[in-house]
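Work through the exercises below with the sequence and the model side by side. Each task is followed by a solution that goes step by step.

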Amino acid sequence: MRKRQIVKNVYWMGAVDWDRRLFDSLIPLPDGTTYNAYLIQGSEKTVLIDAVEPELVEMLMAQLDETSRVDYVISQHAEQDHSGSIPRVLARYPEAKVVTSAKAKSMLIDLLHIAEDKFITVVDGESLSLGDKTLKFIFTPWVHWPETMVTYLEEDRILFSCDFFGAHIASSDLFVTDKGRVYEAAKRYFAEIMMPFRNVIQKNIEKLAPYNIDMIAPSHGQIYNKSAWIIDAYQDWAIGSPRNVVTFPFVSMHGSTRKMVDYLTASLTERQVRVELFNLPVTDIGKLAMSLVDAGTIVIGTPTVLTGPHPMAAYCAFLANALRPKARYLSIVGSYGWGGKVVETLAGMIPNLKVEVLDPILSKGVPSRNEFDALDRLADTIAAKHKESNFKV
Ligand SMILES: Cc1cc2nc3c(=O)[nH]c(=O)nc-3n(C[C@H](O)[C@H](O)[C@H](O)COP(=O)(O)O)c2cc1C
């Protein structure tokens with residue numbers, strides 16, 4: 001992809017990575033991703049905002065061929081998919097200084113061994129004049145590392161938001177055109193990367209409220225030339241009420257737990273509670289994380305294996321605990337052969353979840369009438385709790 005003009009003297013640069021299928025050695029990327037850098041040519045100074053994943057640095061370097069001078073490289077976030085190519089950029093433009101926060105400076109020195117004299121540090125709210133254009137740096141900690149900041153280009157009312165509002169989606173579009181697909185990708189991104197920091201994200205959204213923002217230019221995905229909907233969506237995901245949804249990850253080796261899962265799903269559905277099932281051995285964990293953004297209740301289905309939960313159920317509990325979704329209720333169902341500590345082990349793995357635990361239901365072997373009746377009662381309880389809490393679908 002060649003460099004592309006957004007408005008006069010402001011360009012998208014970077015790489016569209018159509019092939020990437022896994023991020024952080026963890027997160028599935030069904031739609032690939034992009035690494036966006038931005039070039040701003042002021043009447044006096046030229047700035048590059050962020051860089052690209054080092055593997056794709058040649059694309060950025062080729063786009064910079066026509067640029068004879070870069071005065072500043074703004075580093076908004078020290079993570080390597082944005083910062084990792086900065087040393088290459090500095091090698092081509094020895095006059096360039098890295099403009100960043102003090103916290104990010106120390107991280108960039110640790111992660112990339114950039115020399116200390118290459119940096120200019122800025123404080124929250126500080127401005128940088130490029131002549132006819134002015135950049136303002138707004139610190140937005142914990143979206144999603146402690147050093148993250150965003151940059152507002154005052155004259156063109158563009159917010160360069162780095163990972164904030166980002167979406168892993170490869171496209172030849174410069175601006176968001178297919179809103180449905182971008183909504184899904186941005187929600188997946190929020191679920192996996194931002195959800196653990198929901199409360200501080202809300203504070204950062206409030207911090208941006210005084211700015212007139214015509215466009216949001218993130219570091220992953222396309223540019224939002226209508227920005228209100230993605231800010232509203234973030235607000236809903238971060239602090240909106242949970243939904244009338246049960247997120248139901250499960251695993252079953254020989255089918256007994258599966259019988260319980262299917263029965264409870266039917267009972268909940270009859271009671272107008274939406275269920276989202278995730279058979280863990282074949283689940284895209286990004287989809288599971290997205291479901292957790294909305295869940296009013298989480299139910300985990302697992303057989304007993306070597307006295308504890310199945311390792312896949314344990315992985316799921318560990319992940320849910322790390323992601324800190326806003327669900328209010330949780331239960332556990334599953335089958336066992338002779339005995340174990342499934343409930344105690346799983347309950348001990350989720351200290352971050354502020355949930356009321358509803359009575360777990362365990363079946364010795366294949367479930368029978370007693371367990372099915374108990375599952376009906378669990379469905380009654382969940383439906384009543386959701387109604388009481390006024391959860392809407
Ligand atoms: C590898 C393995 C380890 C197991 N360990 C235990 C155990 O520690 N305690 C127990 O009660 N049952 C244990 N079981 C038995 C299963 O929990 C039991 O067969 C259960 O009904 C399986 O549920 P499922 O059909 O949903 O897979 C084990 C089964 C397997 C295959």
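## Exercise 1: The chain as a whole

Of the 393 residues of the protein chain, 48% are buried, where buried stands for 20 or more other C-beta atoms within 10 Å of the residue's own, exposed for 12 or fewer, and partly exposed for what lies in between, with C-beta atoms placed from the backbone. The model is a predicted one, in which local features need pLDDT of at least 70 and side-chain atom pairs count only at pLDDT 80 or more, while totals for chains, interfaces and linings use all residues. Residues are numbered from 1 along each chain as its sequence is written.

Task: Describe the secondary structure, the extent and the contacts of the protein chain.

Solution. Begin with the elements: the protein chain has twelve helices and 22 strands, which are DSSP runs numbered from the N terminus (helices are H or I with at least four residues, strands are E with at least two). Next take the extent, which for the C-alpha trace is about 80 × 40 × 35 Å along the principal axes. Finally turn to contacts, that is, pairs of residues whose C-beta atoms, placed from the backbone, lie within 7 Å; among those with a separation of 6 or more, 72% are between residues 24 or more positions apart.

## Exercise 2: Two domains and their contact

Task: State which domains the domain assignment gives, and find which elements of domain 1 touch domain 2.

Solution. The first step is to read the bounds, which come from an automatic or database domain assignment: domain 1 covers 4-239 and domain 2 covers 245-386. The C-alpha centres of the two domains are 38 Å apart, and eleven residues of domain 1 are in contact with twelve residues of domain 2. On the side of domain 1 that touches domain 2, strand 4 (27-28) and helix 5 (179-194) each supply at least two residues, and helix 5 gives the most, with five residues. That side consists of seven nonpolar, no polar and four charged residues, where Ala, Val, Leu, Ile, Met, Phe, Trp, Tyr, Cys and Pro count as nonpolar, Asp, Glu, Lys and Arg as charged, and the others, Gly among them, as polar.

As a last step, look at helix 5 itself, whose buried residues include V182, A185 and M194. The cover over the buried residues of helix 5 includes strand 4, helix 6 (198-208), helix 7 (228-239) and helix 9 (285-294).

## Exercise 3: Strand 12 and its partners

Task: Which strands pair with strand 12, and in which sense?

Solution. Start with the strand: all five residues of strand 12 (residues 149-153) are buried, with M149, T151 and L153 pointing one way and V150 and Y152 the other way. Two strands pair if DSSP finds at least two bridges between them. Strand 11 (residues 134-139) runs antiparallel to strand 12 and is joined to it by five bridges, and F139 has M149 as its bridge partner. Strand 13 (residues 158-162) also pairs with strand 12 in the antiparallel sense, over three bridges, and here T151 is matched with F160. The hairpin of strand 12 and strand 13 has four residues between the strands, and R157 in this hairpin takes a positive phi near 55 degrees.

## Exercise 4: The ligand and the recorded domain

Task: Find which residues are closest to the ligand, and which elements supply its shell.

Solution. First, count as near any residue whose C-beta atom, placed from the backbone, lies within 6 Å: 18 residues surround the ligand, the closest being M253, H254, T257, P303 and G337. Second, helix 8 (256-270), strand 18 (304-305) and strand 20 (329-336) each contribute at least two residues to the shell. Third, the shell divides into six nonpolar, twelve polar and no charged residues.

For the record, UniProt places "domain: Flavodoxin-like" (unreviewed entry) at residues 246-383; its positions are given in the numbering used here, feature names are shortened, and annotations may be inferred rather than shown by experiment. The span of residues 246-383 is 43% helix and 25% strand, with its end C-alpha atoms 10 Å apart.

## Exercise 5: Backbone exceptions

Task: Where is H144, and which residue does a cis peptide bond join to H144?

Solution. H144 is in the loop between strand 11 and strand 12, and the cis peptide bond joins V143 to H144, with omega about 15 degrees.

Notes: Two residues are in contact if their C-beta atoms, placed from the backbone, lie within 7 Å.
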